[in-house]
Amino acid sequence: MAGRIAVPPMAEEGSRALIPLDFVRGLFNTIEKPLIVAERNGNLLLVNTGAEQFVESHGYAITPGLNLFKDLLKADTRKILEELEKGEHRLEHHFQIGGVKSTVLVQWMPGPDWLVVEIKSKSETQTGADPGTQLTVQELLQEREITYRNLLAAYLKLQEVNRQKTVFLASAAHELKTPLAVIKGYYDLLLAGSLGRLTDKQRDILEESKDSCERLVRLVSMFLNYSALESGKLVLQLRENDLRDCLDELSKRWVEAFQRKSVKLDASFDPSIPTFRFDYQKVQQAAANLLDNALKHTPSGGTVTLRAAPHFWERRVAALAPVEERRRFRLPRPNSVEVSVTDSGPGIAAEHHQEIFEDFVRVDRNTSGMGLGLAIAKRLIQAHRGKIWVESESRGSRFTFLLPMDQG
Ligand code: ADP
């Protein structure tokens with residue numbers, strides 16, 4: 001009885017919702033009446049504290065694998081089910097537990113095909129309690145509906161607060177853009193010697209300050225990109241473009257930063273990549289985020305390679321025949337391009353390979369960053385119906401993305 005429980009849809013909600021079982025169990029335990037929920041074959045789904053106490057007070061224990069009909073009610077499953085499926089979907093059943101005569105009210109919920117068993121206390125069976133005061137299945141359903149609505153309201157509220165936070169941070173980041181551009185402009189001016197000769201010491205300090213300023217510019221623009229994506233502003237500008245030009249331009253832009261850190265940037269692109277429709281800026285941005293990370297994590301003297309080559313991408317679709325079958329109908333020509341960035345850095349442990357693509361996830365706290373670079377790259381590539389992943393064993397990482405060439 002672990003994991004999650006599938007709750008059938010309410011009238012206005014189309015899909016089945018999965019609610020954590022612990023949550024349902026907690027809710028169920030707030031009901032005083034001894035209640036058990038079981039599947040039609042007698043498998044126990046939920047047993048509340050009242051029912052557990054009842055069973056224990058008669059010398060039994062609720063153990064895994066216990067069957068409602070066979071072990072507790074000592075009843076013929078088929079007979080009870082037949083009885084329940086006709087008429088009012090409920091029946092009273094008398095049985096003996098620990099030598100004591102007891103009564104249960106069994107109700108069948110046809111929707112989920114569950115049985116709700118209410119154990120009646122002695123006084124109730126003797127005096128015949130007012131059925132109006134009994135907790136009926138109807139009441140249980142109502143309680144569930146209220147919980148649903150409360151959860152939904154809380155979720156919507158959280159979403160709105162989260163949206164406001166993103167908008168606020170985005171406008172703060174936007175305000176930083178102009179002063180940063182001015183500062184960077186002055187660094188360039190000073191370093192070019194336009195405002196007088198610089199000593200070696202002054203030059204070193206200015207270069208370091210300019211590096212920091214550029215890092216800040218990257219962080220701000222990373223955040224602005226993220227908030228634009230978050231607010232649903234991701235619109236692709238699909239045009240017939242040359243991916244080699246796009247990546248070549250990018251690597252030229254990064255050459256200086258690589259030289260400054262003494263890391264070799266080795267870029268080569270397969271000349272057979274045809275032009276195809278993609279969003280030039282967004283693909284460049286995704287590749288830039290990977291290069292940025294590769295440079296950040298590769299120590300001086302290391303190498304980063306940027307590659308692009310045509311690729312046969314056989315998408316796995318459940319309806320298609322198994323791999324061997326599909327191979328016989330091999331694609332006539334490559335339908336995608338594979339772009340990869342490989343570095344000689346420390347690598348990434350396998351347990352982080354998935355989570356590093358999530359928002360604000362950072363594993364290495366010794367480098368600067370907000371944990372957004374890969375999350376943004378993933379969104380940009382997925383918007384092109386592509387995919388992105390990482391491979392990394394003992395040392396070095398290889399980030400790869402696939403871009404389909406048949407963009408609509
Ligand atoms: P940021 O770099 O801003 O922290 P990213 O989303 O780009 O955020 O990366 C998330 C995490 O993935 C980083 O904190 C880092 O730990 C890890 N990572 C990304 N790229 C590399 C790489 N090339 N080598 C080692 N670790 C990496």
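**Close-up 1. Helix α11 and what its buried side packs against.** In this predicted model, the buried residues of α11 make contact with α7, α9, β13 and β14. Those buried positions are G373, L374, A375, I376, A377, L380 and I381. After the helix comes R385, and its phi is positive, near 65°. Keep α11 in mind for the pocket views, since it is among the elements that give two or more residues to the lining of the largest pocket.

**Close-up 2. The largest pocket.** Here's the big open space: the largest pocket comes out at about 1,100 Å³. Its lining takes in 36 residues, and the ones nearest the centre are E214, R218, W254, A257 and D292. The elements that give two or more residues to this lining are α7 (200-230), α8 (243-260), α9 (280-297) and α11 (373-383). Helix α7 gives the most, with 13 residues. If you're thinking about the chemistry of the walls, the lining of the largest pocket splits into 16 charged, 12 nonpolar and eight polar residues.

**Close-up 3. The second largest pocket.** This one holds about 570 Å³ of space. Which residues lie nearest the centre of the second largest pocket? They are N293, K296, H297, D364 and T367, out of 32 that line the second largest pocket. The elements that give two or more residues to the lining here are α7, α9, α11 and β14 (397-404). The largest share, seven residues, comes from α9. By class, the lining of the second largest pocket has 14 nonpolar, 11 polar and seven charged residues.

**Close-up 4. Helix α4, one face in and another side out.** Zoom in on α4 (residues 77-85) and you'll find that its buried residues are I80, L81 and L84. Seen down the helix axis, these buried residues fall within an arc of 95°, so they line one face of α4. The general rule behind this sort of pattern is that an α-helix has 3.6 residues a turn, so residues three or four places apart point the same way. On the other side of α4 sit R78 and K79, both exposed. The buried residues of α4 pack against α3 (68-73), β5 (90-97), β6 (100-109) and β7 (114-120).

**Close-up 5. The two ends of α4.** What caps the N-terminal end of α4? That's D76, with a side-chain oxygen 3.1 Å from the backbone nitrogen of R78. R78 is also one of the exposed residues of the helix. Following α4 is G87, whose phi is positive, near 65°.

**Close-up 6. The second largest cavity.** The structure holds two cavities of 30 Å³ or more. The second largest cavity, shown here, has a volume of about 50 Å³. Its lining consists of I36, F54, V55, L68, L72, L73, F95, V104, V117 and I119. The elements that give two or more residues to this lining are α2 (49-57), α3 and β7. The largest share, three residues, comes from α3. How does the lining of the second largest cavity divide by class? It has 10 nonpolar residues, with no polar and no charged ones. Two of these elements, α3 and β7, also turn up among the packing partners of the buried residues of α4.

**Close-up 7. T166 in helix α6.** T166 belongs to α6 (residues 137-191). Is T166 buried or exposed? Its relative accessible area is 10%, and the cut-off for buried is under 20%, so T166 counts as buried. A polar atom of the T166 side chain lies 2.9 Å from the backbone oxygen of N162. Leaving aside residues up to four places away in sequence, T166 touches F223, S227 and E230.

**Close-up 8. E393 in the loop between β13 and β14.** E393 lies in the loop that runs between β13 (387-391) and β14. Its relative accessibility is 72%, and exposed means over 50%, so E393 counts as exposed. Where does A350 come in? A350 and E393 are 43 residues apart in sequence, while their C-alpha atoms are 7.5 Å apart in space. The two strands on either side of this loop also take us back to the opening view, where β13 and β14 are among the elements that the buried residues of α11 pack against.

Definitions and conventions. Residues numbered from 1 in each chain as written. Predicted model: local features only at pLDDT ≥ 70, side-chain atom pairs only at ≥ 80, totals over all residues. Heavy atoms only, no water. Buried < 20%, exposed > 50% of the residue type's maximum accessible area, 1.4 Å probe, protein only. Helix = DSSP H or I, 4+ residues; strand = E, 2+ residues; numbered from the N terminus. Arc of directions from axis to C-beta. Contact = heavy atoms within 4.5 Å. Polar contact = N/O pair within 3.5 Å; in protein donor to acceptor, adjacent residues only side chain to side chain. 1 Å grid on protein atoms, 1.4 Å probe; cavity = no way out; pocket = protein on both sides within 12 Å on 5 of 7 lines; lining within 4 Å. Points joined across faces, edges and corners; volume = space filled by probe spheres on them. Nonpolar A, V, L, I, M, F, W, Y, C, P; charged D, E, K, R; others polar.
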